[in-house]
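Student: I have a model open and would like to talk through the labels people attach to it. Could we go over how each one is earned?

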Amino acid sequence: MKYNIKKSFRVGALAVAGALAIASCTDDWNEHYEGTATTIGQSYAGTTMGYLQSQSNLSDFVEVLKATGYVAELNDPQVLTVLAPVNGSFNKDSLMALVNAGQKKQVVNRFVKNHLMRYNISLGGQEQEVYLLNDKRVKISPLADLLVQHSKVQSPNIGCSNGIVQVMSQYLPYQTNIYELIEDDWAAFKKTTTEDLDSIPSLYNFLNKFNVDSLDERRSVYRGVDEDGNNIYVDSVMIRNNKALSQLRAYLYREDSTYMAIIPSQKAYEDRYNEAYNFFHFNTSFNSDPVVRDSMQNYYANYYTVSDLFYNMSQHMNGPTKEDSLFSTVYSRSNPKYDVYYHPYAPDSLLSRTKSIVECSNGEVRYMDDIPYTKYQNFFREIKIEAENHGLLQTGEKWTNANATTWFSKSTTADSISGGGYMIFNASSSTRNTEFSYDVPRTLSGTYDIYVRFLPYQAAYPEDTLHTNLPVQFRAGLFERNEKGTMPESGAYQFRNPADGGRNFLTNPNCIDEVYIGTYTFKDCYHNTSTVGAYFQLSSYVTSSQKDKYTKNMIIDYIIFKPHVEATEEEDSTNE
């Protein structure tokens, strides 16, 4: 069932303005890390854990390690570099409270592993970029600067039997990636209301349904086996994977690329979801089960609400030219008109309504109070049927009664012909009119304006100077699949000429003429299905007494279904 907004929210978790956004990213954790630092020595002969336990000013860090079960790892032969913050540089009591409240995994990932690195990592003669044990990237400064990221090193390069200790006068702040920030924002939002938010349309709820995390056995640590012979893991490292983000090619949970994410307010998300929902009403021919159809309707409403929110800034096309154009992660060269936004930083453009920016470990989040692209730029797109596409031409006399020939133009008008090709339809006999039908693929349950582009006689026969161009007099109809999922063979919807209300249309024989047929609203959606929901039919209408006035032969460049824009809607419904 479609979700209806029953109550407005004062706070939007997914569009948290500056203060709340920063709080969800840093303030909660800053409560755990506050204080001053002291000085220690520079050498030790035992393990890294032994060194930590030997230093009184590292006792708080040791206590957190013991509480989270991370002592054995620092006594093992495996080589680790430890960034050990001194007592008073972080809030030990708050971290211990989180462990006692059942949030040990969070403390391990956001604090313990945020201060550990694999292998011996020393401050040396040049800057390095390395990964922490939680896969966050940090910069290690040259020895002279004594910095890890922006945190000060108090005593560097203390060699131990199984690694190196860098004693830190400051803790290393945890920097969320974009996906973690979305999770944190939603958790903060849920604290602001007593309502059940688990089923409402939201960015978090949509993405969370598609998490398929798996255990990374290579990096996980186990101690023994259970009675069934299964490993008992004391440190389970999970490989994050999200099928929805994979489909969007936006791996916001990875640290190896740089993304920009637009995060709309919760109200803006729901508004666009509800708008998109109406366009994806699937016919029974897709699936007879209404639950399945409703599930797909919900999926596509969410998918197209988020599909242009993410931008991979590591890709070359979003590099030096990003001021001129930004390509979303779903951009395809096969359909270059969509999913690209020009002059995105200009006033009244894609990014102009940014309210606040939060830097993350793998890019930046831009919070907005709306979704900065229209449905016409996003999912409600034109359907163009190239006449030379035989695959869409219906066969069988009940649908097509004409001699059809495909041509690819080599004339001087070729640049004016869409795709360089067209179809010539001639009457199958002197006593019959020309009639043919095309599939209309990928229709949404929305309203379209329909146009047919006719070519003049000279476009097809430029060398023929003997014949005089005649206008085509024709009629247009449309067959739509019914509620039972079957296509009717008669009773087509008949279009009326908007100029006079009659059934006949006329072309201008002296030019390339795009004729407006009218408007049609489809009841159902056939998006990404193998079933075609409608046939569009053209037929000449020339009586025996009109044969010297009109021609039955039609030269078609294309048929196009353009999304209808209401007068009350934004006029500029297409991208630049």
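**Reasoning from value to label**

Tutor: Happy to, and let's start with one residue and its surroundings. Leaving out neighbours within four places in sequence, Met-423 is in contact with Ala-387, Glu-388, His-390, Leu-393, Ala-404, Thr-405, Thr-406, Tyr-438, Met-554, Ile-555 and Ile-556. Keep in mind that this is a predicted model.

Student: Why is Met-423 called buried?

Tutor: The label needs a relative accessible area under 20%. Met-423 has 0%, so it is buried. This residue lies in strand β20, and its C-alpha atom is 9.8 Å from that of Phe-454, 31 residues away along the chain.

Student: What makes the rings of Phe-206 and Phe-210 an edge-to-face pair?

Tutor: A search of the whole structure finds 44 aromatic pairs. For Phe-206 and Phe-210, the ring centres are 5.4 Å apart and the planes meet at 70°, so the pair is edge-to-face. The cut-offs are centres within 6.5 Å and planes over 60 degrees apart.

Student: How do you know whether Phe-206 and Phe-210 are buried or partly exposed?

Tutor: Phe-206 has a relative accessibility of 3%, so it counts as buried. Phe-210 has 24%, so it is partly exposed, because that label covers values between 20% and 50%.

Student: Why is the pair of Phe-425 and Tyr-438 called edge-to-face?

Tutor: Their centres are 6.3 Å apart and their planes stand at 90°. Pairing requires centres within 6.5 Å, and edge-to-face requires an angle over 60 degrees, so the label follows. The pair links distant parts of the chain, with Phe-425 in strand β20 (residues 421–426) and Tyr-438 in strand β21 (residues 435–440), 13 residues apart. Both Phe-425 and Tyr-438 are buried.

Student: What makes us say that the charged end of Lys-562 sits over the ring of Tyr-451?

Tutor: The distance to the ring centre is 4.6 Å, and the cut-off is within 6 Å, together with a limit of 35 degrees from the ring normal. Another case is Arg-254, which lies over the face of Tyr-251 at 3.9 Å from the ring centre.

Student: Now some helices. Why are α3 and α5 described as roughly parallel?

Tutor: They pack at an angle of about 5°, with axes 10 Å apart. Angles under 35 degrees earn the label, so α3 and α5 are roughly parallel to each other. The contact is made by Asp-60, Glu-63, Val-64 and Ala-67 of α3 and Lys-92, Leu-95, Met-96 and Val-99 of α5. By class, that contact has five nonpolar, no polar and three charged residues.

Student: And why are α5 and α6 called oblique?

Tutor: Their axes come within 7 Å and cross at roughly 140°. An angle has to be over 145 degrees to count as roughly antiparallel, and 65 to 115 is roughly perpendicular, so α5 and α6 are oblique. Leu-95, Leu-98 and Val-99 of α5 meet Lys-104, Val-107 and Phe-111 of α6. These residues divide into five nonpolar, no polar and one charged.

Student: Which residues of α3 are buried, and what covers them?

Tutor: In α3 (residues 59–67), Asp-60, Phe-61, Val-62, Val-64 and Leu-65 are buried. Their cover includes α2 (48–54), α4 (72–75), β1 (80–85), α5 (92–100) and α6 (104–112). Just after α3, Gly-69 takes a positive phi of about 75°.

Notes: Residues numbered from 1 in each chain as written. Predicted model: local features only at pLDDT ≥ 70, side-chain atom pairs only at ≥ 80, totals over all residues. Heavy atoms only, no water. Phe/Tyr/Trp six-rings, centres within 6.5 Å; stacked < 30°, edge-to-face > 60°. Buried < 20%, exposed > 50% of the residue type's maximum accessible area, 1.4 Å probe, protein only. Helix = DSSP H or I, 4+ residues; strand = E, 2+ residues; numbered from the N terminus. Contact = heavy atoms within 4.5 Å. Axes fitted to C-alpha atoms, helices over the stretch in contact; angles between N-to-C directions. Nonpolar A, V, L, I, M, F, W, Y, C, P; charged D, E, K, R; others polar.
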